[in-house]
2 protein chains.
Amino acid sequence: MDLDIVFLGTSGSVPTARRGLAGTLVRRGGDRILVDCGEGTQRQLLRSSVGLVELQEIFLTHYHADHYLGLPGMLKTFALRGRELPLTVYGPPGLKDLFGVLRRIFGKLTYDVELRELRPGEALERGDHRIFAFAVEHGVTSNGYCLIEEPRPGRFDVETARKLGLPQGPLFGRLQAGETVELPGGGSVAPEQVLGPPRAGRKIVLAGDTRPGREVLEAARDADVLVHEATFASEEGARAEETLHATAAGAAELAKAAGVKMLALTHLSNRYFGPEIAREARAVFAETVVPRDFDIIDVRFPERGGPRLVKGGALGKREEADSHGGDGSGGDGGGPRGGRGDSDDPELGRHPVGARAGGRAPSDAAR
Amino acid sequence: MDLDIVFLGTSGSVPTARRGLAGTLVRRGGDRILVDCGEGTQRQLLRSSVGLVELQEIFLTHYHADHYLGLPGMLKTFALRGRELPLTVYGPPGLKDLFGVLRRIFGKLTYDVELRELRPGEALERGDHRIFAFAVEHGVTSNGYCLIEEPRPGRFDVETARKLGLPQGPLFGRLQAGETVELPGGGSVAPEQVLGPPRAGRKIVLAGDTRPGREVLEAARDADVLVHEATFASEEGARAEETLHATAAGAAELAKAAGVKMLALTHLSNRYFGPEIAREARAVFAETVVPRDFDIIDVRFPERGGPRLVKGGALGKREEADSHGGDGSGGDGGGPRGGRGDSDDPELGRHPVGARAGGRAPSDAAR
């Protein structure tokens, strides 16, 4: 089953020319789960290859404006399209109060919005996976979210099955599903005779805004991907502590201690472009990426290579030329610093990066 | 004195991949006046060559969410930067109620926000120009806004001045300022002896959301530029009437009747890309443009050529390649229609278009 994380907005507190405000889409099979919805998220979706799909679930990490101001406009847009499908919004306690205010903006909708407040530790059980909320340390009521898949059946040993006299066909599937089956010639085969040990499911953790905290560490243990904020670099460590945000190094220390496979840093202050955050974190934990808007992390099963960053993997056709065709060719217009050269981008060539979605040549992209 | 209109968001009701929500910046000399502030306006400013400047005045036309949802985030961003400069927000009656809601989102700011409700007919007198509110027809309390410059002194006739014995120098300026001056050799010269008839100042009109209405027509009479909505094409005339919006043809009829020099159509429904709106309007009124986001109308004095559309005139460096380097190379990802070819764009080659801001070659823009 496909599982990926689409970065729609990777700037903290204020947008920049290059980075939108918080919004991360988790896609698993046919599920589409939006985590946070900063101002402009509906347009980021429109600009992406995802499009503004009829999301059924939105999770909010906390109620700072840069994490929810995209909601009223998006809810309104859905209504203008005549949406009838219900929507559930999850968030820490305070969600209903927030909607008391937002409702005065978006008014009457054409569909139902269910509000579900989740406390740390509460889980949504969904058969083959669950999503649970955990506590973070950001000074306001906040949740991090973890999506964890149930263990998968072990590898099916076809050779052993044949030796046991099992004919290839539906019996294989029943065994893999955990059922003991009768052999056509008499006798039976139990699943453990042909299946290896159960294989772990995948685990992704989105911590939201927080300083590196004990609960995040526990939730992130052995995760395939930890999406953690890195609002600051260590040069602003005091400010990070004061505002209960993380530095790149702090998040990397946590990722290392938790033994995650990949750390993705987001929610950058507008004074950073990404490469300096990546450099600082990688000195501590090599498997760090700093996605830009419209990057994807493809969370492959370990036997298929594990998580990988796909740069520009969610770029809409019209955005390709701009947002990633020019990787490293200039500065972020929204920040106070100057341009940077390609050589300054430590991400280039480091990670197994898939082809850009459309595979356009630069000359094509420039039309 | 420079006067121009920067289009930051030209989509109606919902954004598209290519067009943001309502936001128009009027720049006159050092003044920066934002008219409407849809979701994402702060980022559009950041993406533009203007930057997110400390606006001192914002005018709202009405309180539909697509016209003000960018305000709380922008006000918050100013506060995070420690702004101290006061801000005045103007709007029709209801502004204080609106801010009662928005204040619960943006919280405490570092600067004062003055709210000034303007009724149709109320004017702000500003020496060499004034801004007045006028009624529109949109079914909710709404204002259109008109900026009109005082007449300028007539052309100074240097030859006549010399014949009258006036030495070149400060006396010229005093005469032009309307003062009667003494001649060095005795006698005096009155302004009317050396000045031609007063020349009209410029007039720009931003109607906001409205069906083509009588008051708009009156306000727009002989305007240099009328910025009018064209949410629909005539094929959706019934819907335009029902929702109190304008069709392209309807706005063009009004512009023609008002005798404006240039009509700029904006607030397009996401089903239109621009060229079809332009075609329809130009069949009625040739001097119509349909700006895209980051286009500018340079409102030159008549003797300098009058208003002209500068395509991509406000593009930030990083946006050039994308938004206008690819004029006509594909469809608007946010709309239901397919791509369009260059030949489909009636704007190409029609209007005197200045060089793009940065003057980059396509190969350069693709980096």
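**Note on the chain B sheet and helix α2**

1. In this predicted model, chain B holds an open sheet of eight strands with mixed pairing, in the order β6-β5-β4-β3-β2-β1-β16-β17. The edges are taken by β6 (113-117) and β17 (307-310) of chain B; each has a single partner strand, so one side of each lacks a neighbour in the sheet. On average, neighbouring strands are turned by 20 degrees against each other, direction ignored.

2. Within this chain, β4 (residues 57-59) and β5 (residues 87-91) of chain B run parallel and are joined by three bridges. B:Phe59 is placed opposite B:Tyr90 of β5(B).

3. Helix α3(B) lies across β5 and β6 of chain B and runs at about 145 degrees to β6(B).

4. Helix α2 (residues 71-80) of chain B packs against helix α3 (residues 95-106) of chain B at an angle of about 50 degrees, the axes being 9 Å apart. That angle makes α2(B) oblique to α3(B). Their crossing is right-handed. On the α2(B) side the contact is made by B:Leu71, B:Pro72, B:Leu75 and B:Lys76, and on the α3(B) side by B:Phe99, B:Leu102, B:Ile105 and B:Phe106. By class, seven of these residues are nonpolar, none is polar and one is charged.

5. In chain A, helix α2 (residues 71-80) is mostly covered, with eight of its ten residues buried. Among them are A:Leu71, A:Met74, A:Leu75 and A:Phe78. The cover includes β3 (31-35), α1 (41-47), β4 (57-59), β5 (87-91) and α3 (95-106) of chain A. Just after α2(A), A:Gly82 adopts a positive phi of about 80 degrees.

Notes. Residues are numbered from 1 along each chain as its sequence is written. Chains are lettered from A and ligands numbered from 1 in the order in which they are written. This is a predicted model: local features need pLDDT of at least 70, side-chain atom pairs count only at pLDDT 80 or more; totals for chains, interfaces and linings use all residues. Side-chain values use heavy atoms; hydrogens and water are left out. Axes are lines fitted to C-alpha atoms, for helices over the stretch in contact, and angles run from 0 to 180 degrees between N-to-C directions. Helices (H or I, at least four residues) and strands (E, at least two) are DSSP runs, numbered from the N terminus. Angles under 35 degrees count as roughly parallel, over 145 as roughly antiparallel, 65 to 115 as roughly perpendicular and the rest as oblique. A crossing is left-handed if the near helix is turned anticlockwise from the far one by less than a right angle, and right-handed if clockwise. Contact means heavy atoms within 4.5 Å. Ala, Val, Leu, Ile, Met, Phe, Trp, Tyr, Cys and Pro count as nonpolar, Asp, Glu, Lys and Arg as charged, and the others, Gly among them, as polar. Buried means under 20% relative accessible area, exposed over 50%, partly exposed in between (1.4 Å probe, protein chains only). Two strands pair if DSSP finds at least two bridges between them.
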